[in-house]
Amino acid sequence: MASLELKGVRKAFGATPVLDDISLSIDAREFIAFLGPSGSGKSTLLRIIAGLETGDAGEVWLEGRRIDKLPPGDRGIAMVFQHYALYPHMSVRENMAFGLRNARVPRDEIERRIADAARVLEIDTMLDRKPAAMSGGQRQRVAIGRALVKQPSLFLLDEPLSNLDAALRLRTRVELAQLKQKVDASVIMVTHDQAEAMTLADRIIVMNDRRIQQIGPPMEIYNRPANVFVAQFVGSPAMTLAPARKVDGGEFASLQLGDGSLVETRVPASQLPGNGDLRLGLRPEAVRVGGRGKSTVKAKVELVERLGERTLVYARLKDGLAITADDEGDSKVKIGDEVPLRIDGALAHVFGPDGSGYHAVAA
Ligand SMILES: Nc1ncnc2c1ncn2[C@@H]1O[C@H](COP(=O)(O)OP(=O)(O)OP(=O)(O)O)[C@@H](O)[C@H]1O
Ligand SMILES: [Mg+2]
């Protein structure tokens, strides 16, 4: 049985629609990331699931029970907010006990749940401290602990790591990944950080423009983006999109770029739309500095970004197209150089006139 199911959820604020026909189904114990740009409706959807906001249409089901008419407290859902706040005058233990006392959970049961959650979150030595005497990451864990003790069947985390500095964010991300192994609940985490979504989620739900753009495991989202939006939003640096023309030929599509060069993809030619403008999608790993041959283009280097294990080369083809290429960590390339770039057609994606993605079949 699906843990959470949304059917045709819609929401507008006044005349402005923010969610349009959202349907999805999440399995028990699945870790889901909602990934999308600011304003794409992620928090609003989470709040509708939690019952803090009412949808204009649609249904919300949790473990076979329709919950969209139930008050938040009766839904079996716990939420950690984008801007969470702990009670500063209460100890960690009191912060965690507060909601349970209000719900009239027996005292020894509260103690047991707090002890369990504190052990999982590794804050068991800090239960008598006040939040002010804790680091940002520790406070973050208390906020998660406060949700954990409710023993929800669904956890909603709205940008749980956004108010942490970069190093702490990375550490807490690892902790969340470990927590996921220990907790018997489904989790939906909102983020606009794709690295966070890629490392933590079983499946990513990419949102933009009021709608779900794609649902899938991280590597499927990366390798088979459903459309131009997903292709450009996921992956850093963004995929190069080159206007291209289909050249008549064999089983797989051959595309001609604006500078006249030809790229032989592994995308079945029969899948592509018959007419209209196409775009060739190239992640940096599909474009290597150096080489010769028919899929080699000439480019002028505009920026060299050394990342240690690899070097990203931002260059421009003679027709003006900006393209990002990969080179060795100790790349000799300098700004202003004219370099050959070899395009690996087997790694190329093709996008149709409506933005739909077409991908290589496995060799
Ligand atoms: N209570 C409200 N009244 C009016 N408009 C709202 C309200 N809440 C959200 N919105 C609008 O709805 C849209 C979606 O907002 P939402 O907070 O869900 O986005 P988000 O994806 O969580 O963005 P972020 O990444 O910035 O947190 C935005 O355009 C926002 O301005
Ligand atoms: Mg938000």
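User: What percentage of the 363 residues of the protein chain count as buried?
Analyst: This is a predicted model, in which local features need pLDDT of at least 70, side-chain atom pairs count only at pLDDT 80 or more, and totals for chains, interfaces and linings use all residues. Residues are numbered from 1 along each chain as its sequence is written, and chains are lettered from A and ligands numbered from 1 in the order in which they are written. A residue is buried if 20 or more other C-beta atoms, placed from the backbone, lie within 10 Å of its own. Of the 363 residues, the share that meets this is 38%.

User: How many helices and strands does the protein chain have?
Analyst: Helices (H or I, at least four residues) and strands (E, at least two) are DSSP runs, numbered from the N terminus. The count for the protein chain is eight helices and 21 strands.

User: Which helices do the buried residues of helix 2 pack against?
Analyst: Helix 2 covers residues 92-102, and its buried residues are Val92, Arg93, Asn95, Met96, Ala97 and Leu100. Contact here means C-beta atoms, placed from the backbone, within 7 Å. The partners of these buried residues are helix 3 (107-121) and helix 4 (136-148).

User: Which helix gives the most to the shell around ligand 1?
Analyst: A residue is near a molecule if its C-beta atom, placed from the backbone, lies within 6 Å of it. The residues around ligand 1 include Phe13, Val18, Lys42, Ser43, Thr44 and His192. With three residues in the shell, the helix that gives the most is helix 1 (residues 42-50).

How values were computed
A residue is buried if 20 or more other C-beta atoms lie within 10 Å of its own, exposed if 12 or fewer, and partly exposed in between; C-beta atoms are placed from the backbone. Two residues are in contact if their C-beta atoms, placed from the backbone, lie within 7 Å.
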